[in-house]
Amino acid sequence: MADYILAKHISKHLNEEITLKGWIYNIRKSGKIWFLIFRDGTEFIQCVVLKNEVAEKVFDLKSTLTQESSISVTGIVQEAPRQDIGYELLVKDIEVIHIAEEYPIALKDHGVDFLMDKRHLWLRSKAPFAIMKIRAEIEQACRDFFNERDFTLVDSPMFTPNASEGSTTLFETKYFDRKAYLTQSGQLYSEAAVMALNRTYCFGPCFRAEKSKTRRHLTEFWMVEPEMAFFDIYDDMDLAEEFVSYLVQRALKNCRRELEILGRDISKLESVKTPFPRITYDEAVEILKKKGYDFEWGGDFGAPHEEAIAEDFEKPVMIWRWPAVLKAFYMKRDPEDERYVLGVDMIAPEGHGEIIGGSQREEDINTLLERIEKEKLPKEDFEWFLDIRRYGSVPHSGFGLGFERTIGWICGTHHIRECIPWPRTMARLKP
RNA sequence: UCCGGAGUGGCUCAACGGUAGAGCGGGUGGCUGUUAACCACUAGGUUGUAGGUUCGAAUCCUAUCUCCGGAGCCA
């Protein structure tokens, strides 16, 4: 058993003498009293050092300790109503492990570029700490959600042999004497997997070489992609809203402290329960027209359009039944009107953009072949994918949830690069 | 790729044609309840780079680099 406790468990040790091991977040000095804000990666604790409670050499540490120095601190746990967590430590002894050099990150404003250059240190600060905790909790929630619903995890490969979907730009890499591409989605593999395992999901990084420089884009981001045999578009939307609601409620249940640290308006998350509003593309266009946008049927929604549509709803809104011209070849045509496909996007509130893209898939091989030919995709590369339609084809559906965008919405961060430990953007490959 | 914005001490910014300043961080001193503590003193900058205009350029012009925001594309 370790001879120290984790700071997050401090409340279980009221009036006991305990030892904590960690780092100094901040020091506030006075004459015969000083305060050190201690952190150990599980919680932030104020420690009080009183001149007549400690040895002189311990008291004098106030002039040698620096921000981010590592220490072992022993003291008595006391109630402290003015502290966020309600407790503080009355220090009895401090053992110095390492005196940190002058720390570059002050507890003041810094620019994004500076902080990202120092990402390896910035992670120690309060907001990144809270976001990483929430990210880990939501990732676990994703896995729990699907495990509880008879889904099997079937992860897809990162290396892919061809530029299948065509539309987005892929990262190309050497693969021995051939070329390979980094995956942009696991969906096509999942479509094969559900014919083997009925309901599956994959959860991993995706790569897009788009030259996007906005607060909603990364070149490497994570996506959760469930795929379900025998699901139609309605089942797909039912699952999507249940899933998103589950994630938000899970954050509210298990990440209160972290959301508080981030100053998130919790009331906005509390209302995120099923059912979510569903509108068709045509209805969305009507909303835009009523708001004075000059928008033609058949166009795709840009970020300002998405925001204009989403601002009417306090929950995420699903837009479905899209013009076929806008969507990928594998989406199923609406049987009632060939101009539409049974695709759905989910737009998060508060300007966080599209968090889900999904659809019912085209299960008829001839229709699929038509679209492959029409979009001039390399048919030979899709032979394995067409096999899914040759051997016991069934209706099936799925969607992909952009993980960082979802975290960004739950945490209320301005830019999704804060929602991944080591962000990769067009301009950033380090650290 | 296109359209905007910004590059000034370690950091965040000010000065917008006339002697480069402040706050934070660092150093020194003071303070027994601080909450990004406070108070006093102190060190620290050839203003992204290369040209040009001018008696004089951080400031105006040209080129270039970097970053930021957005568009397109997307999660």
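1. A quick definition before we start: strands here are DSSP runs of E with at least two residues, numbered from the N terminus. By that rule, Phe159 sits in strand β7, which covers residues 159-160. Keep in mind that this is a predicted model.

2. Staying with Phe159: is this residue buried or exposed? Partly exposed is the label, because its relative accessible area is 43% and the label covers values between 20% and 50%. Phe159 also belongs to a nonpolar surface patch with Tyr175 and Phe176, and together they have about 350 Å² of accessible area.

3. Now to the RNA. Strand B is surrounded by 50 residues, and the closest are Asn26, Arg28, Leu107, His110 and Arg215. Sorted by class, that surface has 20 charged residues, 15 polar and 15 nonpolar.

4. Which element gives the most to the surface near RNA strand B? That would be β16, with four residues. Several elements supply at least two residues each, among them β1 (17-29), α2 (112-117), β11 (220-229) and α10 (303-310).

5. What part of the RNA faces the protein? Of the strand B atoms within 4 Å of the protein, 50% belong to sugar or phosphate, and the rest to bases.

6. A few base contacts are worth a look. Glu88 has a polar side-chain atom 2.7 Å from a base nitrogen of RNA strand B. Ser212 also uses its side chain, with an N or O atom 2.8 Å from a base oxygen. For Lys108, a backbone N or O atom is the one involved, 3.3 Å from a base nitrogen.

Key:
Residues are numbered from 1 along each chain as its sequence is written. Chains are lettered from A and ligands numbered from 1 in the order in which they are written. This is a predicted model: local features need pLDDT of at least 70, side-chain atom pairs count only at pLDDT 80 or more; totals for chains, interfaces and linings use all residues. Side-chain values use heavy atoms; hydrogens and water are left out. A residue is near a molecule or strand if one of its heavy atoms lies within 4 Å of it. A polar contact is a pair of N or O atoms within 3.5 Å; within protein, one must be able to donate a hydrogen and the other to accept it, and residues adjacent in sequence count only if both atoms are side-chain atoms. Ala, Val, Leu, Ile, Met, Phe, Trp, Tyr, Cys and Pro count as nonpolar, Asp, Glu, Lys and Arg as charged, and the others, Gly among them, as polar. Patches are made of residues with over 30% relative accessible area and no salt bridge: like charges are joined within 9 Å, nonpolar side chains (Val, Leu, Ile, Met, Phe, Trp, Tyr) within 5 Å. Accessible areas come from the Shrake-Rupley method with a 1.4 Å probe; for residues, only the protein chains shown count as cover. A salt bridge is a side-chain nitrogen of Lys or Arg within 4 Å of a carboxyl oxygen of Asp or Glu. Buried means under 20% relative accessible area, exposed over 50%, partly exposed in between (1.4 Å probe, protein chains only).
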